[in-house]
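Please look through the sequence and the structure shown here before reading on. The paragraphs below go from the whole chain to a few chosen places within it.

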Amino acid sequence: MDEHKENIHNTDVNVNMSTVEDDKLKSDSTICPKEREDAPRASNSDFSHPVYKEIALANGHINRMSKEELRLKLSQLKLDTRGVKDVMKKRLKSHYKKQKLTQSAAADDGQAEADYDYICVVDFEATCEEDNPPDFVHEIIEFPIVLISTHTLEIVGTFQEYVKPELCPKLSNFCVKLTGITQEKVNAAKPFPVVLKRVVKWLEERELGTKYKYTFLTDGAWDMSKFLNIQCRISQIRYPQFARRWINIRKSYGNFYKVPRTQIKLSTMLDKLGLQYEGRPHSGLDDSRNIARVALRMLRDGCRLRVNEHLHAGQLLPAPSWAATEGAPPPRWPGARR
């Protein structure tokens, strides 16, 4: 539901999109801007240690390499050679940065463990019309989760349930054609509260939030801040605490690969990484799998995927990059709205 989400209205939930801005990188006068953008963050912003100068020099050399030189060097290092030039640059810089920090104890976070053990990738499908009127209320009709391990860098589990809509039980022809979800599928499905209870049980069975640290990841802000928020109001249940914070992969992708966020969507992220979409576009589970593939590629390229958005009092807010990385709380049934 990637492109269709771009056109939804925010009349049913107070979402202040203007507050969601990318965190600005702090400058350091001792390193030129192009080299500084990929330099690791030192404790107390101290870049005096020689390892940072070595990394900056390596970054400068990589910036001057041609696409063929980058591909050759990546091949020699047995690294992935797919993707556009800027992606290959970032991949090579991340490799050298990790190598230098492994050899040096200069940076406290240089060899940090993954911020989360598992990441739950979610991409809802919801009721829609070809030209949604301003007062159209979207109801979730597919709840997919793709679970990725940040340690093995693999997809390790999936969850999928269709959901029976309550307000408008009949799907539009446009919605059926877009999502591939038929009227028969939603007629046979359970209402959202039942599906959410199954989600909670699925998360609990994997000991997420108890034994393992986890968080959610979405392609944009809509899934949690709009679709899930509105659906909880329709179903008269509270918004689940475990879904209040998430990684917006568009922000992470744009910041990591230095791509303007206005130019980012799932198809372009896959294309720039040298990947092709697998499955049926606008299938919630297939979209989630492909988003997971982008996330795994970013982790392999050295990106630290961290929570960057959260919902507070129905309002979408950014989570600063310097904030402590907290995992989602143990999954619990949120209870009825009072």
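What follows treats the chain as a whole, then one pair of helices, and then several single residues.

The coordinates belong to a predicted model, and the confidence attached to them is therefore a sensible place to begin. Across the protein chain the mean pLDDT is 85, with 83% of the residues reaching 70 or more. Two stretches stay under 50: residues 9–45, for which the model nevertheless has 81 contacts beyond four places in sequence, and residues 106–112, for which it has 12 contacts of that kind.

In terms of secondary structure, the protein chain holds 12 helices and 8 strands. Of its 338 residues, 49% are buried, and its accessible surface comes to about 16,400 Å², with carbon and sulfur atoms accounting for 49% of that area. When contacts between residues at least 6 apart in sequence are considered, 70% of them join residues at least 24 apart.

One pair of helices can be followed in detail. Helix α5, which spans residues 85–103, and helix α10, which spans residues 249–257, have axes that come within 10 Å and cross at roughly 80 degrees. Since angles of 65 to 115 degrees count as roughly perpendicular, that is the description that applies to α5 and α10. On the α5 side the residues involved are Val87, Lys90 and Ser94, and they meet Tyr253, Phe256 and Tyr257 of α10. Sorted by class, the contact of α5 with α10 has 4 nonpolar residues, 1 polar residue and 1 charged residue.

Beyond α10, the chain enters the loop between α10 and α11 (266–272), where Arg261 is found. Arg261 has a relative accessible area of 30%, and is therefore partly exposed. Its C-alpha atom is 6.7 Å from that of Arg250, although the two residues are 11 apart in sequence.

Two other loops each contain a residue, other than glycine, with a positive phi. In the loop between α8 (192–205) and β5 (214–218) lies Glu207, whose phi is near 60 degrees; with a relative accessible area of 36%, Glu207 is partly exposed. In the loop between α9 (222–234) and β6 (245–248) lies Gln236, and the phi of Gln236 is likewise positive, near 60 degrees. Gln236 has a relative accessible area of 56%, which means that it counts as exposed.

The helices α8 and α9 offer two further residues for inspection. Is Gln231, with its 2% relative accessibility, buried or exposed? Because the cut-off for burial is under 20% relative accessible area, Gln231 counts as buried. Gln231 has its place in helix α9, and, once residues up to four places away in sequence are set aside, it touches Glu139, Ile140, Glu166 and Phe192.

Lys201, by contrast, has its place in helix α8 and counts as exposed, at 52% relative accessibility. Where the chain is followed from Lys201 to Trp333, 132 residues along, the C-alpha atoms of the two are found to be separated by 9.1 Å.

Conventions:
Residues numbered from 1 in each chain as written. Predicted model: local features only at pLDDT ≥ 70, side-chain atom pairs only at ≥ 80, totals over all residues. Heavy atoms only, no water. Axes fitted to C-alpha atoms, helices over the stretch in contact; angles between N-to-C directions. Helix = DSSP H or I, 4+ residues; strand = E, 2+ residues; numbered from the N terminus. Parallel < 35°, antiparallel > 145°, perpendicular 65-115°, else oblique. Contact = heavy atoms within 4.5 Å. Nonpolar A, V, L, I, M, F, W, Y, C, P; charged D, E, K, R; others polar. pLDDT = per-residue confidence, 0-100. Buried < 20%, exposed > 50% of the residue type's maximum accessible area, 1.4 Å probe, protein only. Areas by Shrake-Rupley, 256 points an atom, 1.4 Å probe, with all protein chains shown as cover.
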